[in-house]
Amino acid sequence: MKVPLLDLQKAYQELKPEFDQLWQNINHDAFYILGNRLSQFEQEFAKYLGVKHVIGVGDGLDALTLSLKALNIGKGDEVIVPAFTFIATWLAVSEAGATPIGVEVNEDFLIDPEQIKKAITPKTKAIMPVHLYGKVCDMEKIMAIAKEHHLKVIEDSAQAHGGFTKQHKAGAFGDCSGFSFYPGKNLGCFGDGGCISTNDDALAEKLHMLRNYGSKVSYEHTIKAGNSRLDELQAGVLSIKLKKLDEWNKRRRKIAKIYLQELQGISDLLLPRDDDGHVWHLFSIRTSKRDALQKFLTSKDIGTKIHYPKAIHLQNAYAEMNIKEDAFPLTERMCKEQLSLPMGPHLAEEEAHYCAKAIREFFAHA
């Protein structure tokens, strides 16, 4: 049996008639940028999240960068970010001209609120929690810290479309939130794409200008800004997929439960913790035998991936910060132990059983 890490072809096949009709309609209309389909998706996703505004942009990195700029965070400011995350979280802060201040995560791969408190300085202007792998951060604690210290909160929700707690969905807690619609996300388009969600009317107005040359009215430019727009094709694709998001997230949960049940009790294997709002963008395990396990699973035609193999503070891109090895020991250990198993709404249950059986076979002889 061959099991891919993620099968995007099956997602296309499930909704093929709608996607094909969309393509025909877009070319019939010949309107490709800032049209009705974008407005429709922005309204639909805002309603889904329970927020007032969604602003479509070019990609997830732009969503975070423009959020920071809209909040007037830049040179001389510090933004607290998790040490363990995809580098885009840190890069957004750098692109805005501010300094990312990494803090340690907890065993759930999520930023540790207690470490946030220790990292706050007079230069701190914002906290950027990341809802990693589909699990939502402890936003109740994070928002309380932000309120106490008068800090902005920009959620990185790039991996948590539909994730939730008892209070809100991911993307509805902070001053604003950045989403990515990269094809492999729980809600993904046919290329790069992203959006920003917010309940702040003034912030939404500024973000509309920041994504479109600083303009509210054609050829009138209120502020200096770049170009980052979610196009009509991607918006149309997202509207189609949004209708399936909750159902597809439920399918992910079924796969996760198979893994959690069948991989219990294996020594030297740490499984992710489940909760109701976890939408399982990735199913991420940890083991000191990670590299050998990955090689074994590859021999069984099982797709896996490491998210992420090298800590950001040790990357050459951030060498100037001079953060030494062992600065974030749990993060660095996770980089050596983390492995993502096949996960997605179109992964068959028998494929998940096959993967779990292979993992048990490996550890039986390890």
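**Aromatic pairs and helix α10 in a predicted model**

Modeller: In this predicted model, ring pairs link F41, F45, Y48, F179 and F181 into a cluster, and K169 lies over the face of Y48, at 4.5 Å from the ring centre.

Colleague: What makes the pair of F84 and Y133 edge-to-face?

Modeller: The structure holds 18 aromatic pairs, and one of them joins F84 and Y133, with 6.4 Å from centre to centre and 80° between the planes. Centres within 6.5 Å make a pair and planes over 60 degrees apart make it edge-to-face, so both conditions are met.

Colleague: Which parts does this pair tie together?

Modeller: F84 belongs to the loop between β2 (78-82) and α5 (88-95), while Y133 belongs to the loop between β4 (124-127) and α7 (139-149), so the pair ties together parts that are 49 residues apart in sequence. Both F84 and Y133 are buried.

Colleague: Why is the pair of F362 and F363 called edge-to-face?

Modeller: Their ring centres are 5.1 Å apart and their planes stand at 85°, so the pair is edge-to-face, the cut-off for that class being over 60 degrees. Both F362 and F363 are buried.

Colleague: How do you know that the reach of helix α10 is close to the expected one?

Modeller: Helix α10 (residues 245-262) has 18 residues and reaches 26 Å from its first C-alpha to its last, which is close to the 26 Å expected at 1.5 Å a residue.

Colleague: Against what do the buried residues of α10 pack?

Modeller: The buried residues of α10, among them L245, W248 and Y259, pack against α1 (8-14), α3 (36-49), α9 (232-242), β10 (283-286), β11 (338-341) and α13 (349-365).

Key: Residues numbered from 1 in each chain as written. Predicted model: local features only at pLDDT ≥ 70, side-chain atom pairs only at ≥ 80, totals over all residues. Heavy atoms only, no water. Helix = DSSP H or I, 4+ residues; strand = E, 2+ residues; numbered from the N terminus. Expected span 1.5 Å × (residues − 1). Buried < 20%, exposed > 50% of the residue type's maximum accessible area, 1.4 Å probe, protein only. Contact = heavy atoms within 4.5 Å. Phe/Tyr/Trp six-rings, centres within 6.5 Å; stacked < 30°, edge-to-face > 60°. Lys NZ or Arg CZ within 6 Å of the ring centre and 35° of its normal.
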